[in-house]
Amino acid sequence: FEDTLSCKEKLIRISSSAKNHMSILPDYFPDYVKRRIKLGIKMHGMHPDDDIGRMIVRTSPPLDEPILIPQNKYSLSTDMAIYDNKIGYMSSEGGGYAIIIENDVLAEDMKKIFDLAWEQAKRLSKISTKTIKNKT
């Protein structure tokens, strides 16, 4: 997560298993989000439609564009972040671990795949993120 704060593109694409990561880093994310926003780095995120995913949508800053995906069909056990020329994979398994692949071609292809999935996920989303945000 710390490495994403150096993002030069100012856009991080994330698919999330936020509930898993919140369990091992419960106090980390509020500060991380504040620092990321201060740096002007926005997030396009796909999050499972669960209590944590809904909280992310409700509390996300205007700079971010999170969406919810059906948890029963697209359950995620790891996180993936794509930014600049990097792809980061993170898991909470065994106390947590992460790897970062730094490669221009792989990152560009993953961005295209993510953008396609993200656009389609917006159509699949049964709950409007605006509705959730308006309930705060």
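Twelve nonpolar, five polar and four charged residues make up the lining of the largest pocket. The model behind this count is predicted. The pocket has a volume of about 400 Å³, in a protein of 136 residues.

**Largest pocket**

- The lining comprises 21 residues.
- Met-22, Phe-29, Val-33, Met-43 and Ile-56 are the lining residues that lie nearest the centre of the pocket.
- Four elements, α1 (18-24), α2 (29-38), β2 (42-48) and α3 (51-59), each contribute at least two residues to the lining.
- The element that gives the most to the lining is α2, which supplies six residues.

**Secondary structure**

- The protein contains five helices and six strands.
- Along the sequence, these elements run in the pattern β-α-α-β-α-β-β-β-β-α-α.
- In that pattern, α1 and α2 follow one another between β1 and β2, and α3 comes after β2.

**Burial, contacts and surface**

- Of the residues in the protein, 40% count as buried, where buried means under 20% relative accessible area.
- Taking contacts between residues at least 6 apart in sequence, 63% join residues at least 24 apart.
- The exposed area of the protein is about 7900 Å².
- Carbon and sulfur atoms supply 56% of that exposed area.

Technical notes
Residues are numbered from 1 along each chain as its sequence is written. This is a predicted model: local features need pLDDT of at least 70, side-chain atom pairs count only at pLDDT 80 or more; totals for chains, interfaces and linings use all residues. Side-chain values use heavy atoms; hydrogens and water are left out. Buried means under 20% relative accessible area, exposed over 50%, partly exposed in between (1.4 Å probe, protein chains only). Contact means heavy atoms within 4.5 Å. Accessible areas come from the Shrake-Rupley method with a 1.4 Å probe; for residues, only the protein chains shown count as cover. On a 1 Å grid over the protein atoms alone, a cavity is a set of points where a 1.4 Å probe fits but cannot get out, and a pocket is an open set with protein on both sides within 12 Å along at least five of seven lines; lining residues have an atom within 4 Å of a point. Grid points are joined across faces, edges and corners, and a volume is the space filled by probe spheres set on the points. Ala, Val, Leu, Ile, Met, Phe, Trp, Tyr, Cys and Pro count as nonpolar, Asp, Glu, Lys and Arg as charged, and the others, Gly among them, as polar.
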